[in-house]
Amino acid sequence: MLNVDTIKNGLVIDHIKAGHGPQIFHWLGLDKASFSSALIMNVASKEKGRKDIIKIDNIINIDYSVLGYIDPNITVNIIKDEKIVRKIAVSLPDRVEKVIRCKNPRCVTATEQYVPQVFKLANRQHAQYRCEYCDALYSAGIIEG
């Protein structure tokens, strides 16, 4: 049996699609953090079958829109004095900036480095985003830039 200490004051990112935990862990910079954190993979889940969980023994700022882009089913539990004081359910954001990199070589963002990479939600049901400049279509779930 795996034993991971309880979080006194920090965050628990739960209901991560199995296999997406490492991507979120690295995006948050937890692999270089000076505080304790744990990535737990392939945890049994009644709803999903398997899921990943990230426990962070610190309160850090998180861009919830990026978490929603990676997996809109994620929940973030804020822990204080070893108790959940708030649950945040993320969802697909309407817009993401500096998360996806447009791969269209004719896109203005390919030649003009100062132009921000901006994508808008094009189809919520299929979790698809379009480049604001060239209309290239991308599926949510993976940070490409």
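User: How many bridges pair β2 with strand β3, and in which sense do the two strands run?

Analyst: First, the terms. Strands (E, at least two residues) and helices (H or I, at least four residues) are DSSP runs, numbered from the N terminus. Two strands pair if DSSP finds at least two bridges between them. Here β2 and β3 (residues 49–56) pair over seven bridges in the antiparallel sense. Within that pairing, A44 stands opposite R50 of β3.

User: What should I know about the model before reading on?

Analyst: This is a predicted model, in which local features need pLDDT of at least 70 and side-chain atom pairs count only at pLDDT 80 or more, while totals for chains, interfaces and linings use all residues. Residues are numbered from 1 along each chain as its sequence is written, and side-chain values use heavy atoms, with hydrogens and water left out.

User: In what order do the five strands of the open sheet lie?

Analyst: The order is β2-β3-β1-β4-β5, with antiparallel pairing. At the edges are β2 (37–45) and β5 (83–89), each of which pairs on one side only. On average, neighbouring strands of this sheet are turned by 20 degrees against each other, direction ignored. For such angles, axes are lines fitted to C-alpha atoms (for helices over the stretch in contact), and the angles run from 0 to 180 degrees between N-to-C directions.

User: Is N77 buried or exposed?

Analyst: The scale is relative accessible area: buried means under 20%, exposed over 50%, and partly exposed in between (1.4 Å probe, protein chains only). N77 has a relative accessible area of 5%, so N77 is buried. N77 sits in strand β4 (residues 75–80).

User: Which residues does N77 touch?

Analyst: Contact means heavy atoms within 4.5 Å. Not counting residues up to four places away in sequence, N77 touches G10, L11, V12, D14, I84, R86 and K87. For F25, 52 residues from N77 along the chain, the C-alpha separation from N77 is 16 Å.

User: How many disulfides does the structure hold?

Analyst: A disulfide is a pair of cysteine sulfur atoms within 2.5 Å. The structure holds zero disulfides.

User: Why does C102 form no bond with the closest cysteine sulfur?

Analyst: That closest sulfur belongs to C134 and lies 3.5 Å from the sulfur of C102, so the pair is too far apart for a bond. C131 can be read in the same way: its closest cysteine sulfur, in C107, is 3.7 Å away, too far for a bond. C102 counts as buried at 7% relative accessibility, and C131 counts as buried at 2%.

User: Which way do the side chains point along β8?

Analyst: They alternate: Y129 and C131 point to one face and are buried, while Q128 and R130 point to the other and are not.

User: What are the pairing partners of β8, and what do the turns look like?

Analyst: With β7, β8 pairs in the antiparallel sense over four bridges. In this pairing, F119 stands opposite C131. The β7 and β8 hairpin has four residues between the strands, and A127 in the turn has a positive phi of about 50 degrees. With β9, β8 is joined by three bridges, and the strands run antiparallel. There R130 has L137 as its bridge partner. Five residues lie between the strands of the β8 and β9 hairpin, where D135 takes a positive phi near 70 degrees.

User: How many salt bridges does a search of the whole structure find?

Analyst: Side chains of opposite charge can pair when their charged atoms come close. A salt bridge is a side-chain nitrogen of Lys or Arg within 4 Å of a carboxyl oxygen of Asp or Glu. The search finds five salt bridges.

User: Which parts of the chain does the pair of D94 and R124 link?

Analyst: The closest N and O atoms of D94 and R124 are 2.7 Å apart. This pair links distant parts of the chain, with D94 in the loop between β5 and β6 (95–97) and R124, 30 residues apart from D94, in the loop between β7 (118–123) and β8 (128–131). D94 counts as exposed at 54% relative accessibility, whereas R124 is partly exposed at 46%.

User: Where are K120 and E132 placed?

Analyst: K120 and E132 meet in a salt bridge (3.3 Å, N to O). K120 is in strand β7 and E132 in the loop between β8 and β9 (137–139), twelve residues apart. K120 is partly exposed, at 41%, and E132 counts as partly exposed, at 34%.
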